[in-house]
Amino acid sequence: MSLKISIVGGGYVGLVTGTCFAELGHEVTIIEIDPEKVRAINDGKPPIFENGLGDLLKKNAGKRLRARTDYDSVASADIVFISVGTPPKPDGSANLSYIESASTSIGKVLKNNRSYCVITVKSTVPPGTTEKIVWPAVIQASGKTENEIGFAMNPEFLREGRAVEDFLHPDRIVIGCSDPRAGNRVADVYQNIQAPIIHTGLTAAEMIKYASNSFLATKISFSNEIGNLCKVLGIDVYEVMKGVGLDARIGPLFLNAGAGFGGSCFPKDVSALVSLAKENGEDPVLLESVLTVNEHQPHRMISIVEKRVGVIKGKRIAILGLAFKDNTDDIRDSRAIPVIQELVEKGACVTAYDPLAIPNMQKIFPAIEYCSTAAGALTGADACLVMTEWPEFSKIDKEFGLMAHKIVIEGRRILTWKGGEGICW
Ligand SMILES: NC(=O)c1ccc[n+]([C@@H]2O[C@H](COP(=O)([O-])OP(=O)(O)OC[C@H]3O[C@@H](n4cnc5c(N)ncnc54)[C@H](O)[C@@H]3O)[C@@H](O)[C@H]2O)c1
Ligand SMILES: O=c1ccn([C@@H]2O[C@H](COP(=O)(O)OP(=O)(O)O[C@H]3O[C@H](CO)[C@@H](O)[C@H](O)[C@H]3O)[C@@H](O)[C@H]2O)c(=O)[nH]1
């Protein structure tokens, strides 16, 4: 069954899901306010780096996939997905203004849609958002009755760098809905994907997303806390977590200790859940600690450097990896940012290499020295910090010989070269 899908927001989530829906045979229009992104998408060139996305976009752009700055496609859509950003406000709570304005814009055009349409939130939103913000905004702007529209919440679990693979082969599909008819329409969109579908209420679906990300972040901070103690005791935390993770009740994934978690989701979503808990009179001690452990990890790396090289002022320090993780050029909340910030404040001469993320980091730190190879960054360095788990770093070997002093602090365990030292092991 081919459905007419409109997706509001053509960023990471909107573009990946839109392209994959088109690949599954649906007719997709991405509605994006940024005309540059619209042009790039229609030209078949992804405005973001994502493995496998370029080929799929090229194949579908101008055929089953198009991008527009207007909302006209909503007038004939079977289903509309909202995938605009929900960035943090200064107090950590989610900024829902993009969600609200997208909902109103959808409603204004939806009034011309003669058939049943389901408005589906894909953005990560606090429980109650679909019911209390999206629903009334759409109903008010469209003048439609609740018999003519359905509402759904279908959280997205893709990981950057593996987004296409995650989207096409998900562990599960969560569909929260206002009524079964709405839920079945969302399920129809995914009919060619093999995965268990969980049908829930709207608020439970919203909470599943926050709880999932918070649990994964908790696993990482837990591993870091164990790792920090292991470091003091001279134990390899990776050996420990291998033994721990083989317990089927725990599982082996997301137990890698090191520099901590970055990215556009974990820090933001745990903060939003903390904020939501406090607004509701709860004291989220565990989740606050997850954030605290995470904030301390980059500073611990600098402390180790200080112990090894002495005063940092005037020292040449190489940073390997700027992206918040491998296979992406995204530096949002990358752990490299606080590390570089502290090194610069302490008067270090910072050199940096990353296969993809240099242009993005140059916008934040224009004055540090960027190198086109790891060897360039390492040449003459007094110390090196590994900040991203790029697979290509596992091949670095003789390049460490170019350093003035071979002090290598591994914020990610990725090197096969044996002279490094982990921050947690
Ligand atoms: N990035 C991820 O890996 C990921 C994964 C799962 C869930 N999420 C969640 O999905 C949501 C979107 O995240 P993202 O990373 O794709 O954000 P993003 O910033 O990359 O993309 C959002 C896009 O929406 C556009 N936009 C904003 N207002 C609009 C409007 N009124 N009409 C049309 N377009 C509009 C922006 O120009 C931008 O291109 C967030 O809630 C995020 O937490 C993100
Ligand atoms: O054992 C681990 C695993 C990851 N990380 C770090 O955690 C961060 C996030 O990694 P990852 O989860 O792979 O990337 P994201 O693209 O941020 O994906 C997360 O956030 C998305 C947005 O909500 C969700 O959709 C995904 O399911 C969820 O994994 C990165 O800095 C990693 O280096 C660790 O430190 N240790």
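**Two domains and two ligands**

Ligand 2 lies between domain 1 (4-200) and domain 2 (234-422), because both domains give residues to the shell around it. The model described here is a predicted one. That ligand makes a handy starting point, and the rest of the chain can be laid out around it.

Starting with the shell itself, 22 residues surround ligand 2, and the closest are Glu-160, Asn-256, Phe-261, Gly-263 and Cys-265. Sorted by class, this shell holds 10 nonpolar, 7 polar and 5 charged residues. Among the helices and strands, the biggest giver is helix α8 (residues 202-233), with 3 residues in the shell around ligand 2.

Now for the two domains. The chain splits into domain 1, covering 4-200, and domain 2, covering 234-422. Their C-alpha centres sit 33 Å apart. Even so, the domains do touch: 13 residues of domain 1 are in contact with 15 residues of domain 2. On the domain 1 side of that meeting point, the residues come out as 5 nonpolar, 5 polar and 3 charged.

Stepping back to the whole chain, there are 14 helices and 14 strands. The C-alpha atoms fill a box of roughly 70 × 45 × 35 Å along the principal axes. For 425 residues, a compact globule would have a radius of gyration near 22 Å, and the chain's 23 Å agrees with that. Buried residues account for 49% of the 425 in the chain. As for contacts with a separation of 6 or more, 72% of them join residues 24 or more positions apart.

Ligand 1 has its own shell. Here 27 residues surround the ligand, with Gly-9, Gly-11, Val-13, Ser-123 and Thr-124 the closest. Helices α1 and α4 (97-110) each supply at least two residues of the shell around ligand 1, and α4 provides the largest share, 4 residues. By class, the shell around ligand 1 divides into 10 nonpolar, 12 polar and 5 charged residues.

Helix α3 gives a nice look at packing. In this helix, which runs over residues 53-60, Leu-56, Leu-57 and Asn-60 are buried. These buried residues are on the same side of α3, because they cover an arc of only 100 degrees around the axis. They pack against α1 (12-23), α2 (35-42), β3 (65-68) and α6 (163-168). After α3 comes Gly-62, which has a positive phi, near 80 degrees.

Two other residues have a positive phi without being glycine. One is Phe-254, with phi near 60 degrees, and the other is Asn-327, at about 65 degrees. Phe-254 belongs to the loop between α9 (237-245) and α10 (266-279), while Asn-327 is in the loop between β9 (316-320) and α12 (336-345). Their surroundings can be told apart by a neighbour count. Phe-254 has 16 other C-beta atoms within 10 Å, so it is partly exposed. Asn-327 has 20 other C-beta atoms within 10 Å, and so it is buried; 20 is just what the buried class asks for.

Two serines round off the picture. Ser-2 is found in the segment before β1 (4-8). With 11 other C-beta atoms within 10 Å, Ser-2 is exposed. Still, Ser-2 has company from further along the chain: leaving out residues up to four places away in sequence, it touches Gly-25, His-26 and Glu-27. Take Glu-27, which is 25 residues from Ser-2 in sequence but 6.9 Å away in space, C-alpha to C-alpha.

Ser-76, in turn, sits in the loop between β3 and β4 (79-82). Its 16 C-beta neighbours inside 10 Å make Ser-76 partly exposed. Setting aside neighbours within four places in sequence, Ser-76 is in contact with Lys-4 and Asn-113. The C-alpha atoms of Ser-76 and Ile-5 are 8.9 Å apart, although 71 residues separate the two along the chain.

Notes: Residues are numbered from 1 along each chain as its sequence is written. Chains are lettered from A and ligands numbered from 1 in the order in which they are written. This is a predicted model: local features need pLDDT of at least 70, side-chain atom pairs count only at pLDDT 80 or more; totals for chains, interfaces and linings use all residues. Domain bounds come from an automatic or database domain assignment. Two residues are in contact if their C-beta atoms, placed from the backbone, lie within 7 Å. Ala, Val, Leu, Ile, Met, Phe, Trp, Tyr, Cys and Pro count as nonpolar, Asp, Glu, Lys and Arg as charged, and the others, Gly among them, as polar. A residue is buried if 20 or more other C-beta atoms lie within 10 Å of its own, exposed if 12 or fewer, and partly exposed in between; C-beta atoms are placed from the backbone. The arc is that of the directions from the helix axis to the C-beta atoms. A residue is near a molecule or strand if its C-beta atom, placed from the backbone, lies within 6 Å of it. The radius of gyration is taken over C-alpha atoms; the globule rule is 2.2 Å times the number of residues to the power 0.38.
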